[in-house]
Amino acid sequence: MTTSPAPAGIEFVEVGPRDGLQNEKALIATADKLALINHAIAAGARRIEVTSFVNPKKVPQMADADDVCAGLPDRDDVTYIGLVMNLRGAERALATGRINQLGAVCVATDRFAMANQGQTSDESVDAAKAIVALAREHGRTAQVTIGAAFGCPFEGEVSEDRVVKMAARLAEAGPVEVALADTIGVGNPAHVARLVERIRQAINPLPVRVHFHNTRNTGLANVWAAVLAGATVIDGSLGGLGGCPFAPGAAGNVPSEDVVYMLERAGIATGMDLARMIEASRWLAGVMDRKLPGMVAQAPVFPKIAD
């Protein structure tokens, strides 16, 4: 395992409107979801996971996917991502005319793949490849995420070799990137650095994206390890909201504002405006009517701006 010098910058993806909200029990108004997207854009986000096209009976929070898409601001400089689990969902997303990029998902273990999308792990890879192909046919792009890449809520440890082989198969379809998701927040920096480097070598020149949950308080350390190991695209969820309806024990994502604070302070550009992110996180806490997990929005501003 080797680490590289810190890069000059990374690409940031805001996933709060989808992954941040999907597990919330109280339904969030479509208007508030659109306001969250607008806050993210104002803070500098240029890739945003805006919704998912899944069975509304299984994920009620995402039942307004079409309405969210209809209300998206017209921005040529923003890539709107729609998460899809199968071709039916992909067709729904494309039919809105507002989704620029499909987000396909496959899962590293059979038991979680069955719980998450009713198919085996290998079948989920085939489905993800078909979604990428469909996006390309329609003049759109697609990304693929490998869920439970660092551990499974049902099967425990996940073979690194298995994840590397999956990534290599996915790369054949031509996604814009392959992401590693720590769905239940069990990753540690050493594991992250090792696997990111292996995936980077396996799919080169495609970028590696990472998606961390902070279930066991290792999320930020894992982001740092991933960046040093060569991941160039980082997911975050405003305020640290998030979870997976099909993964017992999955807690919030790494907070966007905490990730941006850490990276920017380390001299790694993110393209994000931290002050606006903090403002947005505090606004979101009001919408949710509770304190959010993100720490930076709760702390005094540092460094202070001179009067």
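# A first look at loops, helix contacts and spaces

P205 sits in the loop that runs between helix α8 and strand β7 (208–212). The peptide bond leading into this proline, from N204 to P205, is cis, with omega near 15°. Please keep in mind that this is a predicted model. From that loop, we can go on to other backbone features, then to three helix pairs, and finally to the empty spaces.

**Backbone features**

- A second place to look is P303, which lies in the segment after α11.
- The peptide bond from F302 to P303 is cis, and its omega is near -10°.
- A148 is not a glycine, yet it has a positive phi of about 55°.
- You will find A148 in the loop that links β5 (141–147) to α7 (160–171).

**Helix α8 with helix α9**

- Helix α8 covers residues 189–203, and it packs against α9 at an angle of about 35°, with the two axes 8 Å apart.
- The crossing of α8 past α9 is right-handed.
- On the α8 side, the contact is made by P189, V192, A193, V196, E197 and R200, and on the α9 side by A221, N222, A225, A226 and A229.
- Sorted by class, the residues of this contact between α8 and α9 are eight nonpolar, one polar and two charged.

**Helix α9 with helix α10**

- Helix α9 (residues 219–229) also meets helix α10 (residues 256–265): their axes come within 10 Å and cross at roughly 50°.
- That angle makes α9 oblique to α10.
- Here too the handedness can be stated: α9 passes α10 in a right-handed crossing.
- From α9, the residues L220, V223, W224 and V227 take part in the contact, while α10 brings D258, V259, M262 and L263.
- The contact of α9 with α10 holds seven nonpolar residues, no polar ones and one charged residue.

**Helix α4 with helix α6**

- Helix α4 (residues 87–95) packs with helix α6 (residues 121–137) at an angle of about 25°, and their axes are 10 Å apart.
- The two helices, α4 and α6, are therefore roughly parallel to each other.
- α4 passes α6 in a right-handed crossing.
- L87, A90, E91 and L94 of α4 make the contact together with A130, I131 and L134 of α6.
- In this contact of α4 with α6, six residues are nonpolar, none is polar and one is charged.

**The second largest pocket**

- The second largest pocket has about 320 Å³ of space.
- It is lined by 15 residues, and those closest to its centre are Y261, L274, I278, V301 and F302.
- Two elements, α10 and α11 (274–288), each give two or more residues to the lining of this pocket.
- The lining of the second largest pocket divides into 12 nonpolar, no polar and three charged residues.
- F302 may look familiar: the cis peptide bond to P303 starts from F302, and F302 is also among the residues closest to the centre of this pocket.

**The cavity**

- Rolling a probe the size of a water molecule over the atoms shows where empty space is left.
- There is one cavity of 30 Å³ or more in the structure.
- The largest cavity contains about 40 Å³ of space.
- Its lining is made up of E14, L36, A40, A43, L238, M272 and M277.
- By class, six of the residues lining the largest cavity are nonpolar, none is polar and one is charged.

How values were computed. Residues numbered from 1 in each chain as written. Predicted model: local features only at pLDDT ≥ 70, side-chain atom pairs only at ≥ 80, totals over all residues. Heavy atoms only, no water. 1 Å grid on protein atoms, 1.4 Å probe; cavity = no way out; pocket = protein on both sides within 12 Å on 5 of 7 lines; lining within 4 Å. Points joined across faces, edges and corners; volume = space filled by probe spheres on them. Nonpolar A, V, L, I, M, F, W, Y, C, P; charged D, E, K, R; others polar. Axes fitted to C-alpha atoms, helices over the stretch in contact; angles between N-to-C directions. Helix = DSSP H or I, 4+ residues; strand = E, 2+ residues; numbered from the N terminus. Parallel < 35°, antiparallel > 145°, perpendicular 65-115°, else oblique. Left-handed = near helix turned anticlockwise from the far one by under 90°. Contact = heavy atoms within 4.5 Å.
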